[in-house]
Amino acid sequence: LDVSKLMADHVCYRTDSAEQYTTLVEALRSVSDVYTQLIESEIGGRPIASFKLSKPLISEDGSHLVNVIEIPSPKEGSPYPAGLEHVEFVIGDGSHSSPINNDVHQSAFVSWMEKYPAVDWNTKAKDKECNPDISTKIDLADFGNISVKFHLMPLENVISFELAS
């Protein structure tokens, strides 16, 4: 799975409790010269906050910059350890104008999956009305089993679209 030419859109850091979520979000808000909150909203019955970093994270090999971090509070009754949950990449050049699911999204997903037929694709989110995605799981030595998701618009643009609607 070659993601070297894709935009690394954002990373998602899970917290293991509502208290840890609140502490982390408040800490990031307190350094607004480093982290700018894009949104905090209720998704799937729990708050999720997204922040833009003033200085992007750079991958170890220098090939990817990530300037948005997403922090979800844990879902009630679904405990999990804190840490890296997923990374999302943008298929294409990121210029897609709408996160609303349509034939363009579906065609891009089919093309991407056909390019990598040996990958075990999770397609449960490809039919979401807004910001659909496809994903797979990978095992990273330092982070364990994480999801790698693919969609057509950067999260920051999706948030802007939703706020304008």
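**Questions about a sheet, its helices and some aromatic rings**

Guide: Let's start at Pro132: skipping its neighbours within four places in sequence, Pro132 is in contact with Pro99, Asn101, His105, Phe109, Ala125, Lys126, Phe150 and His151. Contact here means heavy atoms within 4.5 Å. This is a predicted model, in which local features need pLDDT of at least 70 and side-chain atom pairs count only at pLDDT 80 or more, while totals for chains, interfaces and linings use all residues. Residues are numbered from 1 along each chain as its sequence is written, and side-chain values use heavy atoms, leaving out hydrogens and water.

Visitor: Why does Pro132 count as buried?

Guide: Buried means under 20% relative accessible area, exposed means over 50%, and partly exposed is in between (1.4 Å probe, protein chains only). Pro132 comes in at 0%, so it counts as buried. Pro132 is in the loop between α2 and β6; helices (H or I, at least four residues) and strands (E, at least two) are DSSP runs, numbered from the N terminus.

Visitor: And His105, which Pro132 touches: what makes it buried?

Guide: His105 has 2% relative accessibility, so it is buried too. His105 lies in helix α2, and beyond residues up to four places away in sequence it touches His96, Ser98, Pro99, Ile100, Pro132 and Leu152.

Visitor: Lys128 is in the loop between α2 and β6 as well. Buried, exposed or partly exposed?

Guide: Partly exposed, because its relative accessibility is 37%. Not counting residues up to four places away in sequence, Lys128 touches Asn101 and Asp133. The C-alpha atoms of Lys128 and Asn101 are 6.8 Å apart, although 27 residues separate them along the chain.

Visitor: How do you know which aromatic rings pair?

Guide: Rings of Phe, Tyr and Trp (its six-membered ring) pair if their centres lie within 6.5 Å; planes under 30 degrees apart count as stacked, over 60 as edge-to-face and the rest as tilted. By this rule there are four aromatic pairs.

Visitor: Why is Phe89 with Phe150 called stacked?

Guide: Their ring centres are 6.0 Å apart and their planes make 25 degrees, so the pair is stacked. Phe89 is in strand β5 (residues 83-90) and Phe150 in strand β7 (residues 144-151), so this pair ties together parts 61 residues apart in sequence. Phe89 is buried at 8% relative accessibility, and Phe150 is buried at 0%.

Visitor: What about Trp112 and Phe150: stacked, tilted or edge-to-face?

Guide: Tilted, with 5.3 Å centre to centre and 45 degrees between the planes. This pair links distant parts of the chain too, with Trp112 in helix α2 (residues 103-115) and Phe150 in strand β7, 38 residues apart. Phe89, Trp112, Tyr116, Trp121 and Phe150 form one aromatic cluster.

Visitor: How do you know that Arg14 lies over the face of Tyr80?

Guide: A charge sits over a ring if NZ of Lys or CZ of Arg is within 6 Å of the ring centre and within 35 degrees of the ring normal. Arg14 lies over the Tyr80 face, 3.6 Å from the ring centre.

Visitor: Now the sheet. What makes β2 and β6 edge strands?

Guide: The open sheet has seven strands in the order β2-β3-β4-β1-β5-β7-β6, with mixed pairing. β2 (35-43) and β6 (134-140) each have a single partner strand, so one side of each is left without a neighbour in the sheet. On average, neighbouring strands are turned by 25 degrees against each other, direction ignored; axes are lines fitted to C-alpha atoms, for helices over the stretch in contact, and angles run from 0 to 180 degrees between N-to-C directions.

Visitor: How do you know that β2 and β3 pair?

Guide: Two strands pair if DSSP finds at least two bridges between them, and β2 and β3 have eight, in the antiparallel sense. Gln37 stands opposite Phe51 in β3. The two strands form a hairpin with two residues between them, and Gly44 in the turn has a positive phi of about 60 degrees. On to β4 (residues 65-72): seven bridges join it to β3 (residues 46-58), again antiparallel, and Phe51 stands opposite Ile69.

Visitor: What puts the buried residues of α3 on the same side?

Guide: In α3, Leu155, Val158 and Ile159 are buried. They cover an arc of only 100 degrees around the axis, so they sit on the same side of α3; the arc is that of the directions from the helix axis to the C-beta atoms. Among what covers them are β1, β2, β3, β4 and β7. Helix α3 (residues 155-164) lies across these strands, at about 60 degrees to β2.
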